[in-house]
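Colleague: Could you take a close look at one helix contact in this model, and then go through the elements around it? Please keep to what the coordinates show.

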Amino acid sequence: MKRPSWQTPVGLPECPLPKLGPAPVIAGIGSCFAESMLHYFLQCGCRTVCNPGGIFYNPVSIAGWLERMAENRLFTAADFFHFDRLWQSNELHGSLSEPELPAALARCNAALTAFRQCLQNADLLVLTVSSAVVYVEKASNQVVANCHKRPGGDFERRLLSAAEVLAAMRRAMAAVRRWRAGVPVLWTVSPVRHYPGNLLLNSRSKAHLLTALGELLEETPSAGYFPAYEIVMDELRDYRFYEADMLHLAPAAVEYIRRRLVEWLFDEPGRNWLEQRDRARRAAGHRPLH
């Protein structure tokens with residue numbers, strides 16, 4: 001009797017990117033899912049810079065950051081506003097806000113410069129989009145990276161069309177190529193549901209991202225796509241792979257995706273190097289009994 005299969009395996013396409021070896025340099029921008037992936041590589045000794053402007057969810061904000069980086073256009077006081085006793089920017093996550101404007105400027109410009117330098121030597125750039133839903137500031141008609149808990153009436157929520165998402169992704173790729181033409185670019189779609197209170201909106205949003213990415217990859221065969229979203233939706237479609245909020249992935253799911261990614265993206269010496277560093281990392285985390 002044939003044993004039942006308890007999974008729907010997602011077949012990975014052949015990786016179009018150069019395989020990574022030991023101690024790669026990796027830069028990344030995107031969602032909290034991207035941070036969890038790159039944090040592992042950082043712990044294993046890779047040189048990584050991830051989300052220097054904070055977590056970005058939508059492709060327009062990612063493209064804006066990359067264009068600013070490519071042009072070496074530093075932030076100025078005009079890019080900030082004072083709200084809730086902090087100096088904040090529509091282009092940045094709240095984690096970069098500061099009580100004093102000079103400190104905010106110094107911090108975000110240092111992050112921009114560090115990312116620019118990292119990308120110049122990077123073996124890989126990872127771009128992870130999470131949502132096609134954007135918040136547009138009514139006063140400026142600007143898509144914001146973060147609302148900074150300002151009144152909801154200051155913004156209009158809008159779902160980008162697949163064509164608008166594709167245009168933002170093209171802007172992102174063009175900016176990367178202007179600064180570092182040869183850097184390999186890997187796209188992923190975050191499997192985390194971004195709008196749990198409106199699952200229809202979440203599904204439409206993810207569909208627009210996937211549609212746009214499909215077109216982008218057809219016209220940019222040198223870029224790669226790792227199907228983290230599809231792996232979670234099909235191979236890991238069980239709530240035991242989620243945290244208590246039923247939205248974010250449990251550590252077991254993150255590790256499963258990470259192993260698939262490493263197997264797909266790294267060459268044998270690179271995988272062996274990562275395995276050795278991972279064992280050392282785990283051993284260092286153990287507390288002695290006596």
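Modeller: Helix 4 and helix 5 cross in the right-handed sense; bear in mind throughout that the model is predicted. Helix 4 covers residues 162-179 and helix 5 residues 199-219, and the two pack with their axes 8 Å apart at an angle of about 50°. Helix 4 is therefore oblique to helix 5, since 65 degrees is where the roughly perpendicular range begins and angles under 35 degrees count as roughly parallel. On the helix 4 side, the contact is made by Ala-162, Val-165, Leu-166, Met-169, Arg-170 and Met-173. Helix 5 contributes His-208, Leu-209, Thr-211, Ala-212, Leu-213, Glu-215, Leu-216 and Glu-219. Sorted by class, the contact of helix 4 with helix 5 holds nine nonpolar residues, two polar ones and three charged ones. Arg-170 of helix 4 is one of the charged residues, as are Glu-215 and Glu-219 of helix 5.

A second helix pair has another geometry. Helix 1 (residues 32-43) packs with helix 8 (residues 268-284) at an angle of about 85°, and their axes are 9 Å apart. That angle is why helix 1 is called roughly perpendicular to helix 8. The residues that meet are Tyr-40, Phe-41 and Gln-43 from helix 1 and Leu-274, Asp-278 and Arg-281 from helix 8. By class, this contact has three nonpolar residues, one polar residue and two charged residues.

Next, the sheet. Five strands make up an open sheet with parallel pairing, in the order 2-1-5-9-10. Its edges are strand 2 and strand 10 (224-225), each of which pairs on one side only. At the strand 10 edge, two bridges pair that strand in the parallel sense with strand 9 (residues 185-189), and Leu-186 stands opposite Gly-224 in strand 10. Helix 2 (residues 59-71) packs on the sheet, where it touches strand 1 and strand 5 (124-129). The direction of helix 2 makes about 150° with that of strand 5.

Strand 1 (residues 25-30) is mostly covered, with six of its six residues buried. Val-25, Ala-27 and Ile-29 point one way from the strand, while Ile-26, Gly-28 and Gly-30 point the other way. Residues of both sets are buried. Strand 1 runs parallel to strand 2 (residues 47-50), and four bridges join them. In that pairing, Ile-26 stands opposite Thr-48 in strand 2.

Finally, two loop residues deserve a check of the backbone. Most residues other than glycine have a negative phi. Asn-72, in the loop between helix 2 and strand 3 (81-83), has a positive phi, near 50°. Asn-72 counts as partly exposed because its relative accessibility is 39%, and buried would require a value under 20%. Met-246 also is not a glycine and has a positive phi, of about 60°. Met-246 is found in the loop between helix 6 (228-235) and helix 7 (251-265). With a relative accessible area of 39%, Met-246 is partly exposed.

How values were computed. Residues numbered from 1 in each chain as written. Predicted model: local features only at pLDDT ≥ 70, side-chain atom pairs only at ≥ 80, totals over all residues. Heavy atoms only, no water. Axes fitted to C-alpha atoms, helices over the stretch in contact; angles between N-to-C directions. Parallel < 35°, antiparallel > 145°, perpendicular 65-115°, else oblique. Left-handed = near helix turned anticlockwise from the far one by under 90°. Contact = heavy atoms within 4.5 Å. Buried < 20%, exposed > 50% of the residue type's maximum accessible area, 1.4 Å probe, protein only. Pairing = 2+ DSSP bridges.
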